Amino acid sequence: MQDLQNKVVVVIGGTSGIGLAVVQAASEMGATVYAAGRSSENIEKAKLQCADQVNFRLADTHDDASLLALFAEAGEIDYLVSAATGAERTIAPFTEQTEEQFAAAFQKFWGYTKVVRNGESFVKATGSITLVTGTPARKYKPGMSSLSCTGGAVEAFIKALSVEIAPKRINGVSPGLINTAMWDVMGEEKQQKLADMTAHIPMARAGQAAEVAHGVIFAMTNTYTTGTIVDVEGGTLLT
Ligand SMILES: NC(=O)c1ccc[n+]([C@@H]2O[C@H](COP(=O)([O-])OP(=O)(O)OC[C@H]3O[C@@H](n4cnc5c(N)ncnc54)[C@H](OP(=O)(O)O)[C@@H]3O)[C@@H](O)[C@H]2O)c1
């Protein structure tokens, strides 16, 4: 197991799903971990799944002051991660969406730019930033244009920033369909629907948050990886 003793890790969107799995992994590896989200309810649930020493804080990717307060408290950050969803998305053909619906998906992108704008100066020269994106950036399906365009913007942002902030590193991790609370809107049929949606991919199942966290730990700690998107998607991009 990798040793993250004496490392400071900050995870925005660290109270559920992929971000929470990163918090758990980094904490088990000995890091000092700050985990943030918008709701106290999610924080209370996450606390039950983490070691006592994880520092949970309220922060919103759309609120500069809350991000700045979090980063200032964390101090010198080794690894800054954002896995926040941060947007309402509309799944529908482009021409059937209003401009407002389409634009709303980009709130994830704008949230990530706020995380980087407020957080970059706190990241050590030897450290890194990792942003969680998703397969729609490079896998195009009808009805998913707002997600694809947002994901494309996030990936371009990562690459553009990598040449500006070096020697600090910035990478993306791109999950396929992952079994998290993001899909709870499916209700009681969630497990069956996730199985149906992934039956055709090489791994023939939805991924687990811990599998994506494994990719995040690689992206954030590998000292020769920057401007890269690590795909953790069970072969989705091949189908
Ligand atoms: N699950 C998938 O199939 C999948 C696939 C591709 C990409 N992704 C991406 O992976 C990332 C993590 O998704 P997930 O599946 O782990 O979702 P999740 O289980 O719903 O967790 C989302 C986390 O983000 C936090 N959050 C949401 N909006 C926020 C904001 N504006 N500011 C701060 N925190 C915020 C949530 O807490 P609060 O609500 O309390 O703020 C929660 O901690 C997202 O960027 C998602 O788009 C997921």
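This report describes salt bridges and the surroundings of one aspartate in a predicted model.

## Salt bridges overall

Searching the whole structure gives 10 salt bridges. Three of the pairs are described below: R138 with E155, D184 with K190, and R205 with E211.

## R138, E155 and D231

R138 and E155 form a salt bridge through their side chains, with an N to O distance of 3.0 Å. The two residues are 17 positions apart, and the pair links distant parts of the chain. R138 lies in the loop between β5 (123-132) and α6 (145-165), whereas E155 belongs to helix α6 itself.

The two partners fall into separate accessibility classes. R138 has a relative accessibility of 34%, so it counts as partly exposed. E155 has a relative accessible area of 8% and is therefore buried, the cut-off for buried being under 20%. The pair also belongs to a network of salt bridges in which R138, E155 and D231 are linked.

## D184 and K190

In the salt bridge between D184 and K190, the closest N and O atoms are 2.7 Å apart. The acidic partner, D184, is partly exposed at 45% relative accessibility. The basic partner, K190, is buried, because its relative accessible area is 10%.

## R205 and E211

R205 and E211 are also joined by a salt bridge, and here the closest N and O atoms lie 2.7 Å from each other. R205 is partly exposed, with a relative accessible area of 39%. E211 likewise counts as partly exposed, its relative accessibility being 32%. Neither value is under 20% or over 50%, so neither residue of this pair is classed as buried or exposed.

## Surroundings of D78

D78 is located in strand β4, which covers residues 77-82. With a relative accessible area of 4%, D78 is buried. The side chain of D78 makes a polar contact with the side chain of K124, at 3.1 Å.

When neighbours within four places in sequence are left aside, the residues in contact with D78 are N6, K7, V8, V123, K124, G127 and S128. K124, the polar partner of D78, is thus listed together with V123, G127 and S128 on one side of the sequence and with N6, K7 and V8 on the other. Strand β5 is given as residues 123-132, and the contacts of D78 include V123, K124, G127 and S128.

Conventions: Residues are numbered from 1 along each chain as its sequence is written. This is a predicted model: local features need pLDDT of at least 70, side-chain atom pairs count only at pLDDT 80 or more; totals for chains, interfaces and linings use all residues. Side-chain values use heavy atoms; hydrogens and water are left out. A salt bridge is a side-chain nitrogen of Lys or Arg within 4 Å of a carboxyl oxygen of Asp or Glu. Helices (H or I, at least four residues) and strands (E, at least two) are DSSP runs, numbered from the N terminus. Buried means under 20% relative accessible area, exposed over 50%, partly exposed in between (1.4 Å probe, protein chains only). A polar contact is a pair of N or O atoms within 3.5 Å; within protein, one must be able to donate a hydrogen and the other to accept it, and residues adjacent in sequence count only if both atoms are side-chain atoms. Contact means heavy atoms within 4.5 Å.
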